[in-house]
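Visitor: I would like to understand how the labels on a model like this one are earned. Could you walk me through it?

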Amino acid sequence: MGDYEQFVGSIKRKTGIDLGLYKEAQMKRRLTSLYEKKGYPSFSSFFDALNSNQTMMNEFLDRMTINVSEFYRNGKRWEVLEKKILPRLLKENKRLKVWSAACSTGEEPYTLSMILSAYMPLASVSVQATDLDVDVIQKAKLGLYPERSLAELPEPMKRKYFQQEGAFYKISDDIKRTVTFKKQNLLSDRFESSFDLIVCRNVMIYFTEEAKDELYRKFNAALRPGGVLFVGSTEQIFNPERYGFQVEDTFFYKKV
């Protein structure tokens, strides 16, 4: 067994995270860069260090996960959600059960809440948000963002829900109260059920085909009939029928 394969097995036993479900070339390149920067000659010596140093382990987990996000990313897709998908879902259910999976630093679930606020009082808005990385969840709960994170956000939303604090923008407490964050490993943890909408964007591209196959099935099982999975702009599902979905719009898949 090679050095990397042994490392993958050791990390799985230590953390429960299966690096083998991520695309090997990308993950191996990212982690090799990390251990060389730290001055270690191999994956085995790097694991020994991680095993005895929790701070380094946390940094490793942060490097392993993909934390790139911004508000209203790919704005045309959010407009489709607002104008087409949500009106249909709200006809079927007045109180929507919504989940932002792999939510990173919170831009996506907070975007969902801002969009939902056009249809209902904020007191009625509830979004679940999960991520593997506890550090990014803490940042999400803080709700403080650099201006570049708001580059695509419509100006009225920016004015209504953000307050500038120096070089940063702080999201309003009213929006923060609508989102519940928790740690979750998409590849190994069980999902809740009966969601009306699941948003999981720009993370599937890092998984193997086998891992994606399993995730699409789990997402389908977590949705109610007629519920929608919203994926990223590089993550089109080419055979949605195989997983019990049909295309409702580009990058939006309805559970049959």
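Guide: Happily. Let's begin with Glu-165, which lies in strand 4, residues 162-165. Keep in mind that this is a predicted model.

Visitor: Why is Glu-165 called partly exposed?

Guide: Its relative accessible area is 40%. Buried means under 20% and exposed means over 50%, so Glu-165, at 40%, counts as partly exposed.

Visitor: Which residues does Glu-165 touch, leaving out those up to four places away in sequence?

Guide: Leu-144 and Lys-170. Contact means heavy atoms within 4.5 Å. As for Pro-146, its C-alpha is 9.8 Å from that of Glu-165, and the two are 19 residues apart in sequence.

Visitor: What makes Gly-226 buried?

Guide: The relative accessibility of Gly-226 is 12%. The cut-off for buried is under 20%, so Gly-226 counts as buried. Gly-226 has its place in strand 8, residues 223-231. Setting aside residues up to four places away in sequence, Gly-226 touches Arg-88, Leu-89, Glu-92, Lys-254 and Lys-255. The C-alpha atoms of Gly-226 and Ser-194 are separated by 10 Å, with their positions 32 residues apart along the chain.

Visitor: Now the aromatic rings. How many aromatic pairs does a search of the whole structure find?

Guide: The search finds 21 aromatic pairs. One of them joins Phe-7 and Phe-43, with 5.0 Å from centre to centre and 45° between the planes.

Visitor: Why is the pair of Phe-7 and Phe-43 called tilted?

Guide: Ring centres must lie within 6.5 Å to pair, and planes under 30 degrees apart are stacked while those over 60 are edge-to-face. At 5.0 Å the rings of Phe-7 and Phe-43 pair, and 45° falls under neither of those two labels, so the pair is tilted.

Visitor: What does the pair of Phe-7 and Phe-43 tie together?

Guide: Phe-7 lies in helix 1 (residues 3-15) and Phe-43 in helix 3 (residues 43-52), so the pair ties together parts that are 36 residues apart in sequence. Phe-7 and Phe-43 are both buried. Ring pairs also link Tyr-4, Phe-7, Tyr-35, Tyr-40, Phe-43, Phe-46, Phe-47 and Phe-60 into a cluster.

Visitor: And what makes the pair of Tyr-72 and Trp-78 stacked?

Guide: Their planes are at 20° and their ring centres are 6.4 Å apart. The limits are within 6.5 Å for pairing and under 30 degrees for stacking, so the pair of Tyr-72 and Trp-78 meets both and is stacked. Tyr-72 and Trp-78 are both buried.

Visitor: How do you know that Lys-97 lies over the face of Phe-195?

Guide: Lys-97 is at 4.7 Å from the ring centre of Phe-195, and the limit for a charge over a ring is within 6 Å, along with an angle within 35 degrees of the ring normal. Lys-218 likewise lies over the face of Phe-191, at 4.3 Å from the ring centre.

Visitor: How do you know that Cys-103 is in no disulfide?

Guide: A disulfide needs cysteine sulfur atoms within 2.5 Å. The sulfur of Cys-200 is 10 Å from the closest cysteine sulfur, in Cys-103, so this is too far for a bond. The search of the whole structure finds 0 disulfides. Cys-103 has a relative accessible area of 1% and is buried; Cys-200, at 1% relative accessibility, counts as buried too.

Visitor: Back to the helices. What makes helix 6 mostly covered?

Guide: In helix 6, residues 107-116, 10 of its 10 residues are buried. Among them are Glu-107, Pro-109, Tyr-110 and Met-114. In helix 1, the buried residues are Tyr-4, Phe-7, Val-8, Ser-10 and Ile-11. Helix 1 is followed by Gly-16, whose phi is positive, near 85°.

Visitor: How does the span of helix 1 fit the expected one?

Guide: Helix 1 has 13 residues and reaches 18 Å from its first C-alpha to its last, close to the 18 Å expected at 1.5 Å a residue.

Visitor: Finally, why does the radius of gyration of the chain agree with a compact globule?

Guide: With 256 residues, a compact globule would have a radius of gyration near 18 Å, and the chain has 19 Å, so the two agree. Of those 256 residues, 52% count as buried. The chain holds 10 helices and 10 strands.

Methods:
Residues numbered from 1 in each chain as written. Predicted model: local features only at pLDDT ≥ 70, side-chain atom pairs only at ≥ 80, totals over all residues. Heavy atoms only, no water. Phe/Tyr/Trp six-rings, centres within 6.5 Å; stacked < 30°, edge-to-face > 60°. Helix = DSSP H or I, 4+ residues; strand = E, 2+ residues; numbered from the N terminus. Buried < 20%, exposed > 50% of the residue type's maximum accessible area, 1.4 Å probe, protein only. Expected span 1.5 Å × (residues − 1). Rg over C-alpha atoms; globule rule 2.2 N^0.38 Å.
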